[in-house]
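Student: I would like a close look at a single part of this model, followed by how that part sits in the rest. Please keep to what can be computed from the coordinates.

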Amino acid sequence: MTVAEAPVLSGPAEKLAARLAGSPLSGRASVAERDLPTVEVEPADWPETARFLRDDPECRYDLFLDLFGVDNLKRRGQRTRFEAIAHLHSLSRGERVRVRIPLPDPEKPSIPTVTGVYPAADWFEREMYDMYGFDVPGHPNLHRLLCHDAFVGHALRKDYAPGQRWFYAEEDFRMPDWARETDERAGHFETQTISIGPSHPATHGIIHIIARLDGERIVRAETMIGYLHRCFEKMSETHHWNGVIPYTDRLNYVSAMINGVGYVRTVEKMLGIEIPERGRLVRTILSEFSRIMDHCVCIGANLVDIGALTNFTYLYQNRENIYDLIEACCGARLTVSYVRVGGLAIDVPDDFVPRCRKLLDSIPGFLDDVEKLVTNNRIVRNRLAGTGVVSREQAIAWGLTGPMLRASGVPYDVRRARPYDFYDKFDWDVPIATTGDNFGRYLVRMEEMRQSLKIIRQALEIFPARGPVNSDDWHVVLPPKDAVYHDMESLIYHFKLVMEGIRVPVGERYEWIEGANGELGFHAISIGRGGPYRLRVRPPCFPSMAAFEKIIVGGTVSDAVATLGTLNIIAGELDR
Amino acid sequence: MAVIKRETLPAHGASPAGPIGPSGTDYLTTRLETMVAWARRNSLWPFPFATACCGIEFMSVAAPHYDVSRFGSEVIRFSPRQADLLIVAGTVTDKLAPVLRKIYEQMPEPKWVISMGVCASSGGFYRAYHVTQGIDEIIPVDIYVPGCPPTPEQLIYAIMRLQEEIASGKKSRDSRSAKAAAEQPA
């Protein structure tokens with residue numbers, strides 16, 4: 001859609017349009033107002049637009065969040081078959097923009113690289129190449145990222161069958177070019193190239209690092225991912241809106257609840273429905289407990305990697321206790337599937353509040369134990385302080401969010417920057433560290449757990465004892481079972497919802513929340529069917545992992561292990 | 001089938017070399033296979049091939065609350081060469097399949113495999129272009145554990161079932177290796 005079709009602009013979109021009109025890009029970039037101000041440019045103008053949006057003093061979109069492809073093959077009213085969509089955020093102004101880049105050639109779609117402007121774009125462009133076959137001229141390392149190297153075709157194209165697999169054998173593995181050459185210099189030991197992973201105790205899941213060592217120092221590294229690429233985005237295209245929820249749980253399975261909340265919020269915004277206060281508070285409380293669980297595993301596993309085994313048992317006990325609460329709510333421990341579009345699967349048990357209060361009493365004791373054991377422990381300090389350093393500028397350039405960004409001194413937290421649910425009503429702080437090292441990230445996570453407890457405590461104070469948790473819009477939410485059995489209308493609603501899914505209005509929307517690892521966003525496109533046409537998830541640890549190979553260069557292998565722990569890589573979310 | 005009678009079992013905490021037996025005698029009568037099976041079943045050293053969500057539940061099994069050391073399986077090895085029980089916890093993708101195969105081959109005999117969760121058992125609800133539809137496409141499996149993820153109780157039950165089968169001689173694997181060797185062309 002162009003400006004001519006949507007002439008009325010207001011607020012940020014209007015300002016952006018005026019700014020672009022007075023720039024060298026005038027006439028080549030059009031602005032539309034959607035859920036976000038949307039700039040549309042031709043592929044050839046994309047790098048210049050990116051540079052302008054980053055550097056212009058009134059734009060300053062410095063944080064590169066996302067870049068992904070869309071295949072419009074079965075979507076009506078689109079100019080081109082393929083398009084790319086980017087999301088940029090301005091940390092100083094707190095605003096964001098979407099850039100749409102329609103790719104005119106359906107046979108050989110091509111989009112120039114912006115890695116020169118935003119280093120964070122590197123892996124996102126490789127993913128587009130892998131999933132859609134977009135050529136990215138100028139990209140330094142254009143290879144498949146998620147699918148294996150013997151894969152044929154591009155999986156997220158609409159004409160690719162979801163179940164089509166390809167045989168992959170060990171010989172098909174692509175060793176990076178630089179790793180195959182030996183590096184010999186006169187008067188110098190020969191360097192050696194080692195492979196860390198894919199199955200290695202420190203990789204927490206399946207990650208493969210090829211590293212070149214000079215003695216014990218890493219001089220070059222490349223990370224291979226995709227070992228857990230479970231095709232989330234393709235699978236979501238084959239399911240109803242509610243049927244996607246179990247898949248979202250398995251993105252970041254360490255804090256499953258938060259993913260579900262992020263996803264259903266996107267769909268609810270598209271539908272324009274609000275859910276009752278009680279339902280939103282349950283989501284908030286369980287999300288914050290999930291955040292605590294996530295940080296517990298991250299810190300516990302990180303400390304195990306550097307040899308402090310005891311803490312894991314203390315921290316893990318918190319998880320077990322929180323599991324009891326979650327199991328009482330929804331019957332599952334880990335992968336909860338508790339949220340639904342329009343509310344929750346079922347109401348919380350009667351003793352929900354006392355159970356939460358009991359947890360609020362027990363968790364700080366475990367955290368205190370760990371702090372006493374670790375925070376001033378000399379070995380831990382030696383291992384963590386000053387290693388894996390990410391400066392503020394690097395963190396922004398690499399597109400990091402969440403605890404990684406906050407540990408580098410940028411106080412960006414979605415719950416504060418763009419409060420959703422009740423986060424603006426609670427009194428809590430955004431902890432930051434200024435060192436940007438592993439120890440800073442440890443401290444930020446420890447403090448975040450305490451802030452989460454503070455949020456939960458306040459949420460429990462305003463938690464209504466009775467009341468609905470679901471919206472009463474029966475076009476979206478299943479009517480009560482009793483009504484389904486006894487009245488015809490409810491039965492029809494039930495049938496239509498189960499058989500056809502929710503009718504989400506045609507359009508697209510991006511909604512984002514603060515996941516345990518950073519900004520978790522869902523970009524959904526609906527063409528009015530019962531399920532998503534395209535569902536893009538913006539995985540928070542994807543940019544962190546992309547930055548990993550840059551962070552560890554110059555350090556030792558043991559520092560790399562400590563750093564990998566504080567990045568908190570969750571393979572389900574990284575590879576999707 | 002050799003079953004150790006209660007009275008022929010070593011007294012708790014005693015070693016076969018020390019004074020054992022019902023009346024402090026220094027010998028016991030049993031069959032070698034029974035003794036070996038008894039040792040094997042109570043010292044299963046797991047290699048957790050933890051790829052995804054199930055790996056987190058495996059952590060629960062290893063953590064104090066469920067405490068798998070009660071079953072002699074707490075010595076978690078991250079080298080396949082030191083392990084005899086491969087627990088495949090989580091989704092295995094086509095990209096990962098050669099890795100899993102290699103790890104299985106690196107484990108010394110006798111070895112057993114538990115497929116934890118539906119993804120490892122059948123691909124689960126990922127009927128998708130990059131997911132192996134069950135690890136039995138590439139390696140033999142002794143025990144399948146359903147669930148997404150299975151609860152820790154389920155995994156512990158699987159370990160107990162495996163112990164029973166090892167003790168009963170059904171899963172000694174020696175017979176399988178012998179059969180495989182016999183089938184190989186000379």
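At what angle do helix α2 (residues 53-62) of chain B and helix α5 (residues 152-167) of chain B pack, and how far apart are their axes?

Tutor: The model is predicted, so each value below is computed from predicted coordinates. Helices α2(B) and α5(B) pack at an angle of about 70°, and their axes are 9 Å apart. Angles from 65 to 115 degrees count as roughly perpendicular, and the two helices are therefore roughly perpendicular to each other.

The contact can be listed by residue. From α2(B) come B:Glu57, B:Phe58, B:Ser60 and B:Val61. They meet B:Pro152, B:Leu155 and B:Ile156 of α5(B). By class, the residues of this contact divide into 5 nonpolar, 1 polar and 1 charged.

Next comes the burial of α2(B). A residue is buried if 20 or more other C-beta atoms lie within 10 Å of its own. In α2(B), 10 of the 10 residues are buried, so the helix is largely enclosed by the rest of the structure. The buried residues include B:Cys53, B:Cys54, B:Gly55 and B:Ile56 at the start of the list, and B:Met59 and B:Ala62 further on. B:Glu57, B:Phe58, B:Ser60 and B:Val61, which meet α5(B), are also among the buried residues.

The cover comes from both chains. Within chain B, what covers the buried residues of α2(B) includes β1, β2, β3 (112-116) and α5. From chain A, the cover includes α9 and α20.

Helix α3 (residues 97-106) of chain B can be set beside this. Its buried residues are B:Ala97, B:Val99, B:Leu100 and B:Ile103. These cover an arc of only 160° around the axis, which puts them on the same side of α3(B). On the other side of α3(B), B:Lys102 and B:Glu105 are exposed. The buried residues of α3(B) pack against β1 (46-50) and β2 (85-89) of chain B. Strands β1 and β2 are also among the elements that cover α2(B).

As for the chain that holds these helices, chain B has 6 helices and 4 strands. From the N terminus on, its elements run α-β-α-β-α-β-α-β-α-α. Of its 186 residues, 40% count as buried. Among contacts in chain B between residues at least 6 apart in sequence, 75% join residues at least 24 apart.

The chain A elements over α2(B) lead to the interface. There, 37 residues of chain A are in contact with 33 residues of chain B. On the side of chain A that touches chain B, α5 (232-237), α9 (310-330) and α20 (571-575) each supply at least two residues. The largest share, 4 residues, comes from α9(A). That side of chain A divides into 19 nonpolar, 11 polar and 7 charged residues. Helices α9 and α20 of chain A thus appear in two places: in the cover of α2(B), and among the elements that supply the side of chain A touching chain B.

Chain A itself is assigned domain 1 (3-132) and domain 2 (232-575). The C-alpha centres of the two domains lie 28 Å apart. Their contact takes 18 residues from domain 1 of chain A and 20 residues from domain 2 of chain A. On the domain 1 side, the elements that give two or more residues are β3 (63-71) and α3 (121-132) of chain A. The largest share of that side, 6 residues, comes from β3(A). By class, the domain 1 side has 10 nonpolar, 2 polar and 6 charged residues.

Two residues of chain A complete the account. A:Arg291 lies in helix α8 (residues 277-305) of chain A. With 26 C-beta neighbours inside 10 Å, A:Arg291 counts as buried. Leaving aside neighbours within four places in sequence, A:Arg291 is in contact with A:Ser255, A:Ile258, A:Glu448, A:Ser452 and A:Ala516.

The other residue, A:Leu384, is in helix α11 (residues 378-384) of chain A. A:Leu384 is buried, with 27 other C-beta atoms within 10 Å. Not counting residues up to four places away in sequence, A:Leu384 touches A:Asp437, A:Asn438, A:Phe439, A:Tyr442 and A:Ala562. The C-alpha atoms of A:Leu384 and A:Arg441 are separated by 9.2 Å, and the two residues are 57 residues apart along the chain.

Definitions and conventions. Residues numbered from 1 in each chain as written. Chains lettered and ligands numbered in written order. Predicted model: local features only at pLDDT ≥ 70, side-chain atom pairs only at ≥ 80, totals over all residues. Buried ≥ 20, exposed ≤ 12 C-beta atoms within 10 Å, placed from the backbone. Arc of directions from axis to C-beta. Contact = placed C-beta atoms within 7 Å. Nonpolar A, V, L, I, M, F, W, Y, C, P; charged D, E, K, R; others polar. Axes fitted to C-alpha atoms, helices over the stretch in contact; angles between N-to-C directions. Parallel < 35°, antiparallel > 145°, perpendicular 65-115°, else oblique. Domains from an automatic or database assignment.
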